[in-house]
Amino acid sequence: MKTYETIGECLALHTEHVSLIYRCRISEPLEILYLGDRICSQETLRQLSEGPALPGYPSYGDGSSRSSAFRLLPADTAGLVSSRLVFSHVEHDDDTVILHLNDQALPLKVQLRIEVWYAYDIFGMSTRVSNGGDRGISLGSISAAWLSLPWKEAALSSLTGSWAHEMNLSEQQLNPGTHTIGERCGVRTTRYVNPSIFLSHGPEAAGESFGECVGLTYAWSGNWAYQLELDGRSSLSIAAGEHPDTAYRFLEAGESLSTPWLYLSHHCEGRGELSRRFHRWAKEQIIPGGEHHRKIVLNSWEAAYFDFDQDSLEQMIDSAADTGIELFVLDDGWFGSDYPRNSDTQGLGDWEVNTEKLPDSLDSIAAHCKDRGISFGLWIEPEMVNPKSRLYEEHPDWIIRAEALKPSIERHQLILDLSREDVYRWVRDTVLSCIEALEGLSYIKWDCNREIQEFSGSYAAIDGYVENYYRILDELRSSYPDLVLQDCASGGGRVEYGALSRTHEFWASDNTDPLQRIFIQWGTGMFFPPSVTAAHVCSAKNHVTGRAVPMKFRCDVAMSCRFGIEMSLTDASEDSRKIIAKAVSEYKRIRHIITEGELYRLHSPYGSHYASLVYILPDRSQALLFAWELRFAVGNSSEWVCIPALEPQGSYLVEEINPVPFDPHMMNMVVPIEHDQCVYTGEFLKKRGLEMAFRYEYDSRVYLLTSS
Ligand code: GLA
């Protein structure tokens, strides 16, 4: 396992299948020679080192008018300062390399830290700047990571949308010039766009299994941006880090600053393999307990919103337990006494139980769960406060605001300034005491329902906020190693690997409409493992879109991720309850394939009437195929779905999961080929495939394939 080698001035970093190669000349700017498929021959490395190179970490004004990774500002005037970062030396161990650069103009030292995740084909990059002088220095920007690629044409794939509409795959060819894609939410990552992108070589985005592309994901729950510059002649440069609007930092004499991490990978044959690499790495190395399956959840939010009491919760728990569900999560609405949280307008911040609703406190709810053999979880949003709350009355000065401006209110709430040590301690102690006070609490859904809209102070304070958020998550996990944490921010507002390296799963969206969830989950799965993507079955008529779809379809969509229920089972029809109970028991049988399996996206929902994907266990002994009909017409009812990557010579028994009987009243003449209990070779499944004969709108199929 060779992760690092030098040939003359050429420094090569290798994962199993990818190489990243720099030219490091002492006292000269760093250069990038190559990012691509693994280079194995030393002769090739030597030849590369003698060829053309691109900037490795350019500084503003260092001899080029192009975009830069690093920019100084003069302390006193509004001008700009040229600087030049030059290579000094390199340090390394088995999986981390530090490239040391010095500024030629000022006593600044820059360390480019590169982690080599050899077995996962992923590089991590972060930068540290230190002011070695005796005066403060203003930095206009400092990128966490910089890459230059010899691409004349490039396409960007990003994951865009907004609340309840997250993670839509948007693809565009980049025109020559600069392009910024980023967010300034401050305390969360996403309002419109996720910090995970693919860049493809050529005018079109790479497909699942063709096209050269790079996948990048920025691990930070605050501001971020990618600044892309395509010169249209020879290269694309990528600067990843703080958003340019909020990038200014001041470094006191002797002070240092480290950026968050960017993770990236490269592949010459499509983004499908990049997704599988990120999933594997995240499950095995990043997400706590990511290799293990999560419990099946019933969450009270869409089932009851704020309208519940002891009895109705006990009924919910009974119905969950009767259906085989393993964890009951009590969402918003359980707290606030002076200002009872009966709507989202008040009570946030007052984390004591509302005894009017729950006279026997939460203990009895936890005890009821225990009696019924299921686990208990609780929703909290500890970084926020309603102006109508005791907390705000006692500490109006704790909120983030801009001096002289009226604080803006979003969802009737304000943000506590977690960068302050006293607020950090209060939030930490409040969360810890909620957990301590409640025997048997095994799960927390940690929410964050707004972003910063105005503030006074330094941008470093916002960094401090996010660091303190991480600090509390770290402390929680060390005090309660078995506690499961769900990462939520109005749905998918904190889906990134900064928060996900400290939480066990995430809520992808408040949109539980299965039709739209297919798109949301499709986009989410580009970088994040479906096994930790919470997906819940909604009630008959979806609360966000008003769409009504069959219960089987609702189950079949949610079962392709971390399965759960977000509806009242007590109000559901007998038929619906039966379908859910069957889905729950089947999910227990197949969830190891979602957790351990590798995702192959087979047919995209974009521009199509159906979508399909499969999970395949690494030893190819089992696979789980999902296919969903989004828009029915008799003419396109029959589709053959080919399944790659099975054992060609192996035989696979096909079992249909969640089948529903054929409805003789449907007059569309679609007669499906029965696959249930058939045995096919891996070669047949790859070359001929399985027919999905969709019989109506929102028909769906789930097939379990087991090597026989
Ligand atoms: C956010 C979450 C929802 C729910 C509500 C409760 O919107 O995304 O799932 O928890 O808050 O107020």
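Trainee: Is Arg-23 buried or exposed?
Mentor: We go by relative accessible area, where under 20% is buried, over 50% is exposed and anything in between is partly exposed (1.4 Å probe, protein chains only). Arg-23 has 7%. That makes Arg-23 buried. Keep in mind that this is a predicted model, where local features need pLDDT of at least 70, side-chain atom pairs count only at pLDDT 80 or more, and totals for chains, interfaces and linings use all residues. Residues are numbered from 1 along each chain as its sequence is written, and side-chain values use heavy atoms, with hydrogens and water left out.

Trainee: Which residue does Arg-23 form a salt bridge with?
Mentor: A salt bridge here puts a side-chain nitrogen of Lys or Arg within 4 Å of a carboxyl oxygen of Asp or Glu. For Arg-23, the closest N and O atoms are 2.9 Å apart. The partner is partly exposed, at 21% relative accessibility. That partner is Glu-31.

Trainee: How many salt bridges does a search of the whole structure find?
Mentor: Another example is Arg-271 with Glu-171, at 2.7 Å from N to O. Searching the whole structure gives 46.

Trainee: What is the distance from an oxygen atom of the ligand to an N or O atom in the side chain of Lys-445?
Mentor: Polar side-chain atoms also approach ligand oxygens from Arg-411, at 2.9 Å, and from Asn-449, at 3.2 Å. For Lys-445 the value is 2.7 Å.

Trainee: What share of the ligand's exposed area does the protein bury?
Mentor: Areas come from the Shrake-Rupley method with a 1.4 Å probe; for residues, only the protein chains shown count as cover. Taken alone, the ligand exposes 310 Å². The protein buries 97%.

Key: Polar contact = N/O pair within 3.5 Å; in protein donor to acceptor, adjacent residues only side chain to side chain.
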